[in-house]
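Let's walk through this structure together, starting with the chain as a whole and then turning to its inside and its surface.

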Amino acid sequence: MKLPTERARHSAGPVAVGAADAGVLLLRLAVGLILAGHGAQKLFGWFGGRGLETTGKGFSQLGWDPGVFYAGLAGVSEFLGGLGLAIGVLTPLSAAACIGVMVNAMAIAPEIDLWSAAGTAFVYPMLLAVGALTVAAVGPLRLSLDARFPWRDGGWLPAGFALVLGVVGAFVILALK
């Protein structure tokens with residue numbers, strides 16, 4: 001039995017939603033909503049967050065001046081990037097925003113140890129960045145608003161775009177800090 005090629009599968013007409021579509025939806029929802037929630041904490045004080053002014057003071061204490069600007073930038077990146085991942089819209093760009101803010105979080109992590117008993121300061125943002133990159137690489141698939149766009153099925157180009165834009169953006173912000 002010969003398996004259909006990638007092109008043949010996409011031009012053969014409607015295909016039922018499969019386990020991969022559901023699995024990627026779960027990954028998008030988990031990573032995206034966690035990031036959007038963190039952004040909402042920073043921006044609006046939702047979910048037990050402290051809001052922009054107080055978060056800005058914390059950013060200033062970490063050397064990010066003006067703190068409110070950097071807290072707002074991080075909050076917007078997490079909130080919009082996370083929502084974009086969750087609903088599957090402009091997925092490579094959404095993933096880039098998430099990757100960028102998580103690279104910055106990793107850069108200031110007090111402990112870069114994958115198996116530290118003391119905490120998960122580096123591991124948590126690393127895992128969220130890898131999750132966002134994975135969504136860009138695999139694509140948001142059929143259960144997304146991007147279902148009709150060429151990056152629906154991911155690939156090297158959307159993954160590379162998300163990774164390069166996210167990392168370059170993170171390094172630009174780190175250089176401005």
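**From the core to the surface**

Of the 177 residues in the protein chain, 39% count as buried. Keep in mind that you are looking at a predicted model. The secondary structure consists of seven helices and zero strands, so the order of elements from the N terminus reads α-α-α-α-α-α-α by the DSSP assignment. Among contacts between residues at least 6 apart in sequence, 61% join residues at least 24 apart.

Now step inside. The largest nonpolar core holds 26 residues, and those touching the most other members are Leu35, Phe59, Leu85, Ala95, Met102, Ala132 and Ala162. At least two residues of this core come from each of α2 (19-44), α4 (67-87), α5 (91-107), α6 (123-138) and α7 (156-176). The biggest contribution is that of α5, with eight residues. To see the packing up close, pick Ala132: leaving aside residues up to four places away in sequence, Ala132 touches Val31, Leu85, Ala95, Cys98 and Ile99.

Finally, let's move to the outside. The protein chain has an accessible surface of about 10000 Å², and 72% of that belongs to carbon and sulfur atoms. On this surface, Leu26, Leu29, Leu33 and Leu83 form a nonpolar patch, together offering about 330 Å² of accessible area. Helix α2 supplies the largest share of the patch, three residues.

Is Leu33, a residue of helix α2, buried or partly exposed? Its relative accessible area is 46%. Because that value falls between the 20% and 50% cut-offs, Leu33 counts as partly exposed.

Terms used:
Residues are numbered from 1 along each chain as its sequence is written. This is a predicted model: local features need pLDDT of at least 70, side-chain atom pairs count only at pLDDT 80 or more; totals for chains, interfaces and linings use all residues. Side-chain values use heavy atoms; hydrogens and water are left out. A nonpolar core is a set of buried Ala, Val, Leu, Ile, Met, Phe, Trp, Tyr and Cys residues joined through side-chain atoms within 4.5 Å. Buried means under 20% relative accessible area, exposed over 50%, partly exposed in between (1.4 Å probe, protein chains only). Helices (H or I, at least four residues) and strands (E, at least two) are DSSP runs, numbered from the N terminus. Contact means heavy atoms within 4.5 Å. Accessible areas come from the Shrake-Rupley method with a 1.4 Å probe; for residues, only the protein chains shown count as cover. Patches are made of residues with over 30% relative accessible area and no salt bridge: like charges are joined within 9 Å, nonpolar side chains (Val, Leu, Ile, Met, Phe, Trp, Tyr) within 5 Å. A salt bridge is a side-chain nitrogen of Lys or Arg within 4 Å of a carboxyl oxygen of Asp or Glu.
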